[in-house]
Amino acid sequence: MEPGWLLWGAAVLLLLLHVLAELSPAVGFVLRLGWYCLLCVLGSLLAVPACLLLNGGRTVRNMRIIKNIVKAFKYFFGLKFEVKGLENFEVEGPAIVVSNHQSILDMMGLMEVLPDNCVQVGKKELLYTGIVGLIMYLGGVIFINRKSTTSAKMVMSEVAKTMVAENVKVWVYPEGTRNCTGDFLPFKKGAFHLAIQAQVPVIPVVYSSFTSFYNPKTKLFTSGKIKVEILPPIETKGLTSDDVSDLTDRCYHTMRETFFVLSGRPSPSEQWGPDQPDVWCGTALLV
Ligand SMILES: CCCCCCCCCCCCCCC(=O)SCCNC(=O)CCNC(=O)[C@H](O)C(C)(C)COP(=O)(O)OP(=O)(O)OC[C@H]1O[C@@H](n2cnc3c(N)ncnc32)[C@H](O)[C@@H]1OP(=O)(O)O
Ligand SMILES: CCCCCCCC/C=C\CCCCCCCC(=O)OC[C@@H](O)COP(=O)(O)O
């Protein structure tokens, strides 16, 4: 077939998809989420050779390449980021970064602010997402088995040693799973054990609620603005394992307060909790 016909075919298909998306929000939602996954695959196809050629294999330096590719994704979805407090990343040496986790779309917000020499902790199932898993591996993502607390704790303890030796920051989602209920899930303590074991600061990062532009339950996915705030580091020097719970609570409360401010909602009472606990937050492939 001639290239001219192929181009016409692609243009007609795109127009058709656009009309379908306009007619039905549910179709629009699936198409936009599908387009996001396709972008992740295409971005990985571009990033894998670049990482191998420029850096030779698995290294945190590859995150720079991945970051530059993913930062372009927001333009396809009409998403805008408003970032405050980037200077709080400028701590000497390693640190634990903790942030809220609402959806697979978080990868765009992550790459928007990701500091140099920073790897993420992810569930091991992500390694099996083909080329996307491969790029995560090359970027230095630390994979944990959430089904085995012992194994996850062992990996985290190893990370506590290497992050100091190699001067790396580690990004953890302390909710441990995606959550787009418009509130926070209770924090798991792994990140805070890690910070105290390594005696490094915790840097909280908060993203405003996605619910005004993204809601899998109502099949909403439109353009929107995301406010991001990087909070001042919380020191852990001198803290011991007895302080893990206090540190976890302190981060949880500070971040949750900030979340409601950034999301333009009134400050919650202590009783306020997720209103849609069973909400599905991503694609079935990533369960
Ligand atoms: C071009 C496009 C390509 C795109 C590429 C983009 C690349 C970027 C990739 C980004 C990937 C992001 C992936 C995000 C995720 O996958 S989130 C899911 C995985 N992450 C987490 O789960 C982290 C948070 N979880 C924890 O910290 C947990 O605590 C964990 C360590 C995993 C253990 O969990 P669990 O088994 O559920 O146990 P508990 O949390 O209940 O803990 C049990 C008791 O153990 C104590 N504990 C925990 N950790 C430790 C530790 N390190 N040392 C000692 N003790 C520990 C904990 O306190 C509990 O005891 P108590 O109840 O307090 O007595
Ligand atoms: C050969 C296998 C082929 C599989 C192809 C899969 C293609 C997938 C394509 C794109 C996926 C985009 C992935 C972006 C990164 C998302 C990271 C993420 O957000 O993971 C979710 C995890 O934090 C928590 O998981 P749960 O909420 O507990 O569940």
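I started at Q199, which I found in the loop between α8 and β6 (202-207). The model is predicted, so I take every value below as computed from it. Q199 has a phi near 55 degrees, a positive value in a residue other than glycine. I noted this because most residues other than glycine have a negative phi. I then asked whether Q199 is buried or exposed. Q199 counts as partly exposed, because it has 14 C-beta neighbours inside 10 Å and the partly exposed class lies between 12 or fewer and 20 or more.

I looked up N167 next. N167 also is not a glycine, and its phi is positive, about 55 degrees. The residue sits in the loop between α7 and β5. N167 is exposed, because 12 other C-beta atoms lie within 10 Å and the exposed class takes 12 or fewer.

Sheet.

I traced the strand order. Seven strands form an open sheet, and I read the order as β1-β9-β6-β2-β5-β3-β4. The pairing in this sheet is mixed. Which strands stand at the edges? They are β1 (79-84) and β4 (142-144). Each has a single partner strand, so one side of each is left without a neighbour in the sheet. From one strand to the next the twist averages 25 degrees.

I checked one pair inside the sheet. Strand β3 (residues 118-123) runs parallel to strand β5 (residues 169-172), and the two pair over three bridges. Opposite Q120 I found W171 in β5.

Ligand 1.

I listed the shell around ligand 1 and got 37 residues. The closest are G43, G122, T149, K188 and G190. Which elements give two or more residues to this shell? I found α2 (25-55), α3 (62-70), β3, α6 (131-138), α7 (149-165) and α8 (190-198). The largest share, five residues, comes from α7. By class I have 20 nonpolar, twelve polar and five charged residues in the shell.

Helices α2 and α6.

I turned to I131, which is in helix α6. I131 has 15 C-beta neighbours inside 10 Å and therefore counts as partly exposed. Which residues does I131 contact, leaving aside its neighbours within four places in sequence? They are V41, S44, L45 and V48. For S44 I also noted the C-alpha separation from I131, which is 6.1 Å, with the two residues 87 apart along the chain.

I then looked at A26, placed in helix α2. A26 is exposed, since 11 other C-beta atoms lie within 10 Å. I checked A26 against L220: their C-alpha atoms are separated by 7.4 Å, although the residues are 194 apart along the chain.

Whole chain.

I counted secondary structure last and have nine helices and nine strands. Along the principal axes the C-alpha trace spans about 70 × 50 × 35 Å. I compared the radius of gyration with the globule rule: a compact globule of 287 residues would have a value near 19 Å, and the chain has 20 Å, which agrees. Buried residues make up 33% of the 287 residues. What part of the contacts with a separation of 6 or more comes from residues 24 or more positions apart? I have 77% for the chain.

Terms used
Residues are numbered from 1 along each chain as its sequence is written. Chains are lettered from A and ligands numbered from 1 in the order in which they are written. This is a predicted model: local features need pLDDT of at least 70, side-chain atom pairs count only at pLDDT 80 or more; totals for chains, interfaces and linings use all residues. Two strands pair if DSSP finds at least two bridges between them. Helices (H or I, at least four residues) and strands (E, at least two) are DSSP runs, numbered from the N terminus. Axes are lines fitted to C-alpha atoms, for helices over the stretch in contact, and angles run from 0 to 180 degrees between N-to-C directions. A residue is near a molecule or strand if its C-beta atom, placed from the backbone, lies within 6 Å of it. Ala, Val, Leu, Ile, Met, Phe, Trp, Tyr, Cys and Pro count as nonpolar, Asp, Glu, Lys and Arg as charged, and the others, Gly among them, as polar. The radius of gyration is taken over C-alpha atoms; the globule rule is 2.2 Å times the number of residues to the power 0.38. Two residues are in contact if their C-beta atoms, placed from the backbone, lie within 7 Å.
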